[in-house]
Structures are given as C-alpha cells and as structure tokens.
Amino acid sequence: MTSRVIDGVVYEFEPGTSEATIQRFVTRKQAEAAPEEPAAPAAPPPVRATAAPTPTPPTPAGPSIEPFAPGYLGQMAQGATFGFSDEMIAAARAAMGDRSYPEYVAAEREGLRKFREESPVSSAGAEVTGALAPALLTGGYSLLPQAAKASTGALARIPKLLSGNKPTLKRTTALGAGAGGVSAVGTSEKPLTEQWEEFLKGAALGGGATLGLGTVTKYALAPAFQAVKKSLGFGEADRMADLAIAQALAKDGYSPDQAGILLEKINRNEMTLADVGENTRALLRRATAAPGMARMEAKGELAARESGRVERISEDMRQLMSGSKDFYTDVQDLIKKRRADADELYEAAYANPPAFTPDTAPEIMRLRNYPSFKKAMKKAETDLSNRGMDPKDPQYALRGLHHTKLALDDMIGEAMRAGKNNEAATLIEMKNKMLADLEKASPEYKIARLAYAGDSEMLTAMEKGREVYKLPEPELRKFVNRFKDNPSEMDAFRAGIAQAMLERVRVAGPVADPFKTLMSRDAEAKLRRAFRDDEAFDEFKQRLLSEQRMLETEKTGFRRTPADTDLEPTAGGVGAARAFLSGAPVTGVIETARTALPSITGMPPRIAQPTTERLLTPTTQVNEIINGIMFSLKSEEAALRTQSGLAGAGAVMMGQQAGERPIKPQQPGPGTTPQMPPLAPR
C-alpha cells in the first residue's frame, strides 16, 4: 500500500495505483489548502486516513483514445449489429493495439453517446438505416430458416415461426421480441452474468411494442385500407379477379390445377369453374349481385346452358344406353332403319329356302295342328297371295313361315293389350318353338331376324320399356332376359325406357334436379339393366350429377330465392314507392334495402366483369384461365414475400428501438482529472 502525507494528513492508496494518478491527487490537495493557510501553525499530530475500498477507475496510461467509428458511421454499425458494434470494434482494436479492451470499449461508447447528445435526429436516422440493411437483405429475416433446415424438434419450430410469405402478427411479434432481447444485450453495460435478465427485459419490450403496433395495423388500419381499396376498385382488375377465384377454389378444397383436372374428368364441356363448388358459386353470386354488364352476361350464358339440359341428357342416353349405333330414342325411326338394313338379308335367305320336313322342323310340323297356329298360317297365306306368290310353292315356304311369325306377333300384341296374359304367353311359346326350327334350318334367316325382329315385336318391346318406372324390378328383369338375345328388340326396349326418362325430364323442366327426377326410389337398379354395361350406366349417372352441379350454379346466378331481387334500381325504386303509397312503410323500407343490397355486398364492376367471365368460361377453354390464375398467384406470392420482408424488417427495428439501453457517460481518458472516490481519515 502506498501512502502520502499532505498538510499533516496521511493518505493511503490501493496497490497498483499509478504514480501519475497519486501525483495529480497530491497537487490538487495542495492547491486547495494554499489560499486558506497563509501561515503554518504548529503541526498537529498526524492523522492517518485511508481511501475507501472502491477500486480505482481504469484510467489509460497513455494519451486519450478516439472512437474508431464516430458519428453517423458508428450509429449505423450499432443498428446493423443489434448494439454489438462497440464490443466488436474494441475487441479488434485490442487485438491489434497496445491498449486494453475496456479502454477501447469506453472510447467507442463515449463517441456514440456524444453523437446522440449532439445530433439526436441524425443519430436515430443512422441507427435505423443500419438496422434496415441486414433486415432487407435477409427478407425481413425470413431467410434465416434456410440455415436451419436440418434442425428437428423444438429447434425446427423457431425457424418455421420466422419464415413464411405472409406478414403474420405472430411472426412479426416473435421477430420484434428477438430483436429487442438481442439489442438489450448488445447495448447493456452490465457484466455477462447479468445479461440474461437484460435479454428478457428487452424481449418483453420489443415483443410488446411490435405486438401493439401490429394489432392496431392488422385489425384497424389494414381492414380500413382494404375496404376503401375494394370499394373504389383499386388494383389490377384481372389479377384481383384471379386471386378471388383462387381463394374460392381453395375454400372448396381445390388448387387451380386440380379444378382443371376435375372439369376434364367430368367431361361435360358446358361446365365451368363456377360449378366446382359452393364457394365458387358464391363468388359468382357476389360478382353478379349488382345490376350491370357482369350480371347481364352471366344470366344470358346460364339461361342458354339451362335450356340445353334436356337435349344433353337425351344425347347422353343415345351414347351410353346401347352398344348399337342404330339406337334411337324414337322407336319409329329405329324400326325404319332396321327394316331397311334387314331387307337384303331376308331376301338372301328367301333366295335359298331350306326344305322343311318332320326331321328338319319337327316343332313346325307339330304346331301346324294347333288352331292358333293355323289362324296365323291362314293370314300368312293371304299375305303371300296378295303379293302374287303361291303359298304352296316350296320356294315360298320360308317366306310363308316368316309371315306366320308376323301374324303371331300381331296376335300376341292383341292378347297383351286385352289383358289376356295366359293367351299371350301361349302364343309367345308357340312362336319361339317355330323360330328355333326356322333359325336351325336357315342360318341366313337367323342373321336377318337379329337385324330386324318385326314391327309388332319391336313396338311391344318399346311399350314395355316405357313402363320402366311402373314395373317392379323382378318383372323388368324378365323382359330384359326376354329381349337380350335380339338386338333390335333390346334397342326398342331401350328406346321405350329412354322415352320414359325424357318425358320425366321434360315434365319436370330444366330447373328441376335431373338426378332426383330420373333416379327416384328404386329406379337406379332398374335403369342400370337398360344400359349396355355397368360402366356405361355409371358414366351416365356421373353426367346427371354434373348436371346437378350446373343447376346449382344456375340457381345461384339467376337469384331465384324469395329473398333475392332481380330488378334494376329504377324498378326497385318503383316497388318501394308503391309500398309507401299503399300504406306499407315497412315493406317499402325492405324493398329499398333489397334494391340497394346487391350494390353494397357485391364487388366493383371493373373487378366483377373479369371475375364473371373467368368463372363462366367453359371446360374447353378453361386451361387458359387456369394458366392465368397460376401466373397471378405467383405474382401475388412475390408481392407477399416483399411485404413479409418489409414487415419483418419493421418488426426488427421496432424491437431494437424498444429493447435498446441508453449509453452511460464513460470514464475520461488521460490528461483529465479523474473523479476519485471519497477518502476516509483514520
């Protein structure tokens, strides 16, 4: 311990105090005592005093140190490094210089403090500029997760929270809290062991400030701005229409590409994006809510599509019910077509008639003894005679038996119409036995008969088909088994079923649900048997379901519900005025509100027009619309990424400013008088 006696007082200094410091202290004490004591009195006994046990401040042994990054540059560095620039610069200077790290830190901090006091505005601007640079370079720190792709567990959730294309409140709050905590540590002058406390305080301040400003922005400023923007129709109309459609598709569970695939799979060219789901229909409703071109064009397209519903269903049956190209829903056309195609086949069979003997045609020989068969043969002979042919000539034997079959057909039809089912069954059995002998004796005749069964047979089959909704399923199955071996009869049977189905659709009208109209009760099981196979029926069923989808869209576009209004503003005004004049003010108010409601709840016309056009583009042209929507989504993603970066940068700066600690005055350098601790005499 070093001691000095000054004016009779002994002062003791802590070990390690430099001689220069002691000498300055002695000089100052002597200067203070000189004016007050012109004459030295008798020296009192020495009084020993000791300095307080406070450590001597670290005063440089050499000249004063100037900050390396003074002024604007230093403040920018502080902002860019979350307050760590003074420590970083001091560490670098201490490694290369001859002074200690604490001395360099004190110099840098003193330079920062003086610049803040002298130029508070410039200092704040410099710090914000410094903080902005790394924030923007990292996309608002959204690129940080790229460095942590391999992390798992709890660590993986932190990068995911910081990443994302949308500037969410949770994300910006997390960035603000992190920036506040780091900045508090960077600007704090406390020992390292106490920095965790500083971090928590800074994080709380930074996160709280960011959360407060973000909440006001998200729930007050942003909605107000969007409402004004929407009402005035600001923004690129086509892009806004694309984004609105993409959002509606997403709510229905489809991406634009998936929606395009769905429409292609349904294979109904008249379908549009508006038919994809409930939300796309709702978007069409909103786009056409207010009177204008969008609404007018939508109603025109939907009306045209609706009017073609019956014809489309008819064409579906024409394509899918029968495997034969000769299937027609009009049985008379079918009969004419089959008769014309079969004439040459029958003539070829008649030109090569077989000999009918008890050996070659045993059933025919036995049937000739039955009264009903004799009656049919008698009518056949009359037909041949009227054609100038001799019924007894062997070359006309096959032709005569064919006319006998036609006569039996007529007799079967008369019996069935008269309700004589047993008699009809007997005649049918008789005819089938005769045909078995005929087709066995003459293969050419069999081929001709499959092409054309006969007018009466085909008409009978058609009539049975028309009763499809009345016949029990087991009864219908019997007729299917009966007609399935003869293509012309089966097609006539299908033609009857098709007529019954089309009649139902026509009676119900195009505004009725076609699926419910045709597939009521047990009709599905019966109709399935009328189609060529299960695959064809399932496809027809899916086409009916697509018509059901389209009908829902048309109902939405036409606004047919009682609460809807489909009047122009002038018409609505007339309705309201009529209500007021008739003494019904409540009705008048309701009419006025209903008239104004579409304009209030809809969308600006410049956006409604492209939205409606895109939603009602048919499947054949929808790929171009899908490509446009995808392009708009990519553009929006880029814009959101930019917004997210700006929001992240703002959150970081907000957190830095909130968590930053003020710099305290530092110890002066050499050449100045240090502030010594008070001394205690002893």
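These are my notebook entries on confidence, salt bridges, one buried helix and one loop residue in a predicted model.

**Confidence**

I looked up the pLDDT before anything else. The chain averages 77, and 76% of the residues score at least 70. I then checked the elements of the chain: helix H23, residues 514-518, has the highest mean at 93, and strand S4, residues 679-681, has the lowest at 40. I noted a stretch with pLDDT below 50 at residues 669-682, for which the model has 31 contacts beyond near neighbours in sequence. Residues 146-150 also stay under 50, and there I found 1 contact beyond four places in sequence.

**Salt bridges**

I counted salt bridges and got 33. I took three of them for a closer look.

Arg305 pairs with Glu554, with 3.0 Å between the closest N and O atoms. Arg305 sits in helix H12 (residues 293-307) and Glu554 in helix H25 (residues 534-558), so this bridge ties together parts 249 residues apart in sequence. Are these two residues buried or exposed? Arg305 has a relative accessibility of 8% and counts as buried. Glu554 is buried too, at 0%.

Glu439 and Arg449 form a salt bridge at 2.6 Å, N to O. I placed Glu439 in helix H18 (residues 421-441) and Arg449 in helix H19 (residues 443-451), 10 residues apart. Glu439 is buried at 17% relative accessible area, and Arg449 is buried at 9%.

For Arg529 and Glu473, I read 2.6 Å between the closest N and O atoms of the salt bridge. Arg529 belongs to helix H24 (residues 523-530) and Glu473 to helix H21 (residues 473-483), with the two positions 56 residues apart in sequence. Arg529 is partly exposed, with 33% relative accessible area, whereas Glu473 is buried at 17%.

I also traced a network of salt bridges; Arg305 and Glu554 are in it, and its other members include Arg268, Asp275, Arg309 and Glu547.

**Helix H28**

I asked how many residues of helix H28 (residues 605-615) are buried. The count is 8 of 11, so the helix is largely enclosed by the rest of the structure. Among the buried residues I listed Ile607, Pro610, Arg614 and Leu615.

**Asn267**

Last, I looked at a backbone angle. Asn267 is not a glycine, yet its phi is positive, about 60°. I found Asn267 in the loop between helix H10 (256-266) and helix H11 (278-287). Its relative accessibility is 45%, so I entered Asn267 as partly exposed.

Conventions: Residues are numbered from 1 along each chain as its sequence is written. This is a predicted model: local features need pLDDT of at least 70, side-chain atom pairs count only at pLDDT 80 or more; totals for chains, interfaces and linings use all residues. Side-chain values use heavy atoms; hydrogens and water are left out. Helices (H or I, at least four residues) and strands (E, at least two) are DSSP runs, numbered from the N terminus. Buried means under 20% relative accessible area, exposed over 50%, partly exposed in between (1.4 Å probe, protein chains only). pLDDT is the predictor's confidence in each residue, from 0 to 100. Contact means heavy atoms within 4.5 Å. A salt bridge is a side-chain nitrogen of Lys or Arg within 4 Å of a carboxyl oxygen of Asp or Glu.
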